[in-house]
Amino acid sequence: MSSLSLADIVAARRRIAGIAVLDTPLVPSPFLSQRAGTQVFLKLELAQHTGAFKLRGAANALGLLPDDTAGITCCSTGNHGRGVAYAAARRGIRAVICMSRLVPQAKVDGIKALGAEVRIVGHSQDEAQVEADRLVREEGLTEIAPFDALPVIAGQGTIGLELVEQLPALETVLIPLSGGGLAGGIAFALKRMKPSIRVVGISMERGAAMHAALQVGRPVEIAEVPSLADSLGGGIGLANRHTFALCRQHLDEVVLVSEEEIYRAMQAHYYEDRIVCEGASAVGAAALMSGRLGVVKGPVANIVTGRNVDMKVFTDIVNGRSVRLGGDLLEGSPYGE
Ligand SMILES: *Cc1c(COP(=O)(O)O)cnc(C)c1O
């Protein structure tokens, strides 16, 4: 694969069947529909075996590896590592997952439970990456990159195929955005199949790497800071090969939301949709609820990317308590007040 094609995404869908859950539910959100003034649906990627969409990309990348692969490694904010660990266990391959200290314990535990080895290194994705690079060099492991690899992007893009089949009338798609494997893959598929669809990437204000890169026209270094949307943390890589170009070409815009808005949106998903999701998955609802998207044309599909939230943090939020973000305190308030 030297560049992405729709055929790669169609092939990925066949390759990952039986490992990832395909055709995850697309359910209406009466609450968000009322707030947006048009029909809003939630694409429930939290229904994956690993609780997040990243299993699609991991399963596709692993499915393309030769049988004599000695083992694999990756760096991850948690969900990619879990997807890789799951897919590796299914293939009987050794997996070593490298993560920074910013990754919540719940995610680390989930990965260990799948039988993978875990290395906690440094305070950023970049530092975890250094350890993954070392394992490739010194132990001959194969790296499964979290977003900037075509097999991973094609795997995430399978969500785009499903959306068009499940909701042919689709007009707007909201996609949580970090490294851009998800948004790049889905936007690529959607624009090939139905170019009129508005595709919006959504990140948190604190440390939005792809947004910063798109603003200046090239990947830039950004400081990684604690956020409720921990799965959206990390840079896009100064030597980014694929996702920056894909996002620049296929995303119509990128919208940023605040920590307060993510907090409110997690409450709304819980009290209104009866959904437990992590902060990264609530950014679409946050953008809709805050009016940051302007007038939205429906039907809208909002990707609810994962449910791997620390339950102490989650119950604090739904009970309106304040939560700690590194050295800062995010002031709580009960839902509806
Ligand atoms: C990784 C992740 C994202 C962002 O995906 P990218 O491909 O890095 O842009 C969004 N939500 C969740 C839950 C994730 O784990």
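Here are some short exercises on this predicted model, each with a worked solution.

**Exercise 1: the core**

Find which residues touch the most other members of the largest nonpolar core, and which helix gives the most to it.

*Solution.* Start with the core itself, a set of 42 residues. Rank its members by how many other members they touch, and Leu-32, Ile-202, Leu-228, Ile-262, Leu-288 and Leu-293 come out on top. Next, sort the core by helix: α12, residues 283–289, gives the most, with six residues.

Now zoom in on Leu-32. Skip its neighbours within four places in sequence, and Leu-32 is in contact with Val-40, Leu-42, His-269, Ala-285, Leu-288, Met-289 and Asn-302.

**Exercise 2: unusual backbone angles**

Work out where Asp-23 and Arg-274 sit, given that each has a positive phi without being a glycine.

*Solution.* First, the background: most residues other than glycine have a negative phi. Take Asp-23, with phi at about 50 degrees. Asp-23 is in the loop that runs between α1 (6–16) and β1 (26–28). Its relative accessibility is 42%, between the 20% and 50% cut-offs, so Asp-23 counts as partly exposed.

Then take Arg-274, where phi is near 60 degrees. Arg-274 also belongs to a loop, the one between α11 (259–271) and α12. With a relative accessible area of 67%, Arg-274 is over the 50% cut-off and therefore exposed.

**Exercise 3: a cis bond**

Identify the residues joined by a cis peptide bond, and place the proline.

*Solution.* Most peptide bonds are trans. Look at the bond between Gly-298 and Pro-299: omega there is about -5 degrees, and the bond is cis. As for its place, Pro-299 is in the loop between α12 and β10 (300–304).

**Exercise 4: three salt bridges**

The structure holds 22 salt bridges. For the pairs Asp-23 with Arg-13, Asp-67 with Arg-91, and Lys-107 with Glu-278, say which parts of the chain each one ties together.

*Solution.* Why would such side chains pair up at all? Side chains of opposite charge can pair when their charged atoms come close.

1. In the Asp-23 and Arg-13 salt bridge, the closest N and O atoms are 3.2 Å apart. Arg-13 is in helix α1 and Asp-23 in the loop between α1 and β1, so this pair links parts 10 residues apart in sequence. Arg-13 is buried, at 17% relative accessible area.

2. For Asp-67 and Arg-91, the closest N and O atoms are 2.9 Å apart. Asp-67 is in the loop between α3 (54–63) and β3 (72–75), while Arg-91 is in helix α4 (residues 79–91), so parts 24 residues apart in sequence get tied together. Asp-67 is exposed at 75%, and Arg-91 is partly exposed at 30%.

3. Lys-107 and Glu-278 meet at 2.9 Å, N to O. Here the pair ties together parts 171 residues apart in sequence, because Lys-107 lies in helix α5 and Glu-278 in the loop between α11 and α12. Lys-107 and Glu-278 are both buried.

To finish, follow the salt bridges that share partners: Arg-94, Glu-117, Arg-119, Glu-131, Arg-134, Glu-138 and Glu-139 join into one network.

**Exercise 5: a long separation**

How many Å separate the C-alpha atoms of Lys-112 and Leu-293?

*Solution.* Locate Lys-112 in helix α5, residues 105–113. Lys-112 is partly exposed, with a relative accessible area of 47%. Leu-293 is 181 residues apart from Lys-112 along the chain, and their C-alpha atoms are separated by 39 Å.

Key:
Residues are numbered from 1 along each chain as its sequence is written. This is a predicted model: local features need pLDDT of at least 70, side-chain atom pairs count only at pLDDT 80 or more; totals for chains, interfaces and linings use all residues. Side-chain values use heavy atoms; hydrogens and water are left out. A nonpolar core is a set of buried Ala, Val, Leu, Ile, Met, Phe, Trp, Tyr and Cys residues joined through side-chain atoms within 4.5 Å. Buried means under 20% relative accessible area, exposed over 50%, partly exposed in between (1.4 Å probe, protein chains only). Helices (H or I, at least four residues) and strands (E, at least two) are DSSP runs, numbered from the N terminus. Contact means heavy atoms within 4.5 Å. A salt bridge is a side-chain nitrogen of Lys or Arg within 4 Å of a carboxyl oxygen of Asp or Glu.
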